[in-house]
Amino acid sequence: MHFEIADVSLEHIAEINELEKLCFSLPWSRQALISQLPDDMHMFIAAIGDDGQVLGYVGMMYVLDEGYISNVAVSPEHRRLGIADTLINALIDRANEKDLSFVTLEVRKSNVPAIELYIKNGFSEVGRRKNYYTKPTEDAILMTRFLK
């Protein structure tokens with residue numbers, strides 16, 4: 001499958017909002033997604049198919065030399081095609097360009113496919129957050145990829 005990686009723009013928000021609803025039990029609001037549009041504190045990139053459809057996305061806030069991934073999502077019908085790997089690699093490339101020391105994220109303890117994806121992409125478990133998630137209540141695994 002062919003797709004391009006692009007900065008998220010306002011025109012992508014409606015599709016991303018729908019993906020949020022498909023992928024997460026507590027999806028971000030449209031306004032929260034808009035607040036993540038690329039600026040001097042946010043990276044927000046998407047995989048865009050040849051037809052212009054948003055296939056997946058990843059967002060990150062960064063402060064000083066620290067990166068905090070907010071969400072990684074790929075539409076259910078486009079999973080296992082390398083989209084998430086490509087998005088994460090593109091985000092890491094941008095984090096390196098910004099000279100970040102590390103990139104970190106939380107993931108549901110039960111989300112084994114995501115955990116395996118992050119391990120494959122150089123992240124390792126550095127801690128846990130008890131009862132971090134709701135709907136259902138579940139611990140989060142804190143995973144970090146050190147860049148320096």
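Which residues make the nonpolar surface patch of about 450 Å²? I looked this up first in the model, which is predicted. The patch is made by Met-41, Met-61, Val-63, Leu-64 and Tyr-68. I then placed one of these residues: Tyr-68 belongs to strand 4, which covers residues 66-74. I noted Tyr-68 as partly exposed, because its relative accessibility is 32%.

**Entry: negative patch**

I next looked up the acidic surface. Glu-4, Glu-15, Asp-50 and Asp-51 form a negative surface patch. Among them, Glu-15 sits in helix 1, residues 13-23. I recorded a relative accessible area of 31% for Glu-15, so this residue is partly exposed.

**Entry: helix 3**

I turned to helix 3, which runs over residues 83-97 and has 15 residues. From the first C-alpha to the last, helix 3 reaches 21 Å, close to the 21 Å expected at 1.5 Å a residue. I listed its buried positions as Ile-83, Ala-84, Asp-85, Leu-87, Ile-88, Ala-90, Leu-91, Ile-92 and Ala-95. Just after helix 3, I found Asp-99 with a positive phi of about 60°.

**Entry: salt bridges**

I counted 7 salt bridges. Side chains of opposite charge can pair when their charged atoms come close. I examined several pairs individually.

Asp-7 pairs with Arg-94, with 2.4 Å between the closest N and O atoms. Asp-7 is in strand 1 (residues 3-7) and Arg-94 is in helix 3, so this salt bridge ties together parts that are 87 residues apart in sequence. I noted both partners as partly exposed, with relative accessibility of 40% for Asp-7 and a relative accessible area of 26% for Arg-94.

Within helix 1, I found a salt bridge between Lys-21 and Glu-18, their closest N and O atoms being 3.4 Å apart. These two residues are separated by about one helical turn, because they are 3 residues apart in helix 1. Lys-21 is partly exposed at 48% relative accessibility, and Glu-18 is partly exposed at 44%.

Asp-85 and Lys-120 meet through their side chains in a salt bridge, at 2.8 Å from N to O. Asp-85 lies in helix 3 and Lys-120 in helix 4 (residues 112-120), so the pair ties together parts that are 35 residues apart in sequence. Is Asp-85 buried or exposed? I recorded 16% relative accessibility for Asp-85, so this residue counts as buried. Its partner Lys-120 has a relative accessible area of 57% and is therefore exposed.

Definitions and conventions: Residues numbered from 1 in each chain as written. Predicted model: local features only at pLDDT ≥ 70, side-chain atom pairs only at ≥ 80, totals over all residues. Heavy atoms only, no water. Helix = DSSP H or I, 4+ residues; strand = E, 2+ residues; numbered from the N terminus. Expected span 1.5 Å × (residues − 1). Buried < 20%, exposed > 50% of the residue type's maximum accessible area, 1.4 Å probe, protein only. Patch = residues over 30% accessible without salt bridge, like charges linked within 9 Å, V, L, I, M, F, W, Y side chains within 5 Å. Areas by Shrake-Rupley, 256 points an atom, 1.4 Å probe, with all protein chains shown as cover. Salt bridge = Lys/Arg side-chain N within 4 Å of Asp/Glu carboxyl O. Lys, Arg positive; Asp, Glu negative; His and termini not counted. Charge placed at Lys NZ, Arg CZ, Asp CG, Glu CD.
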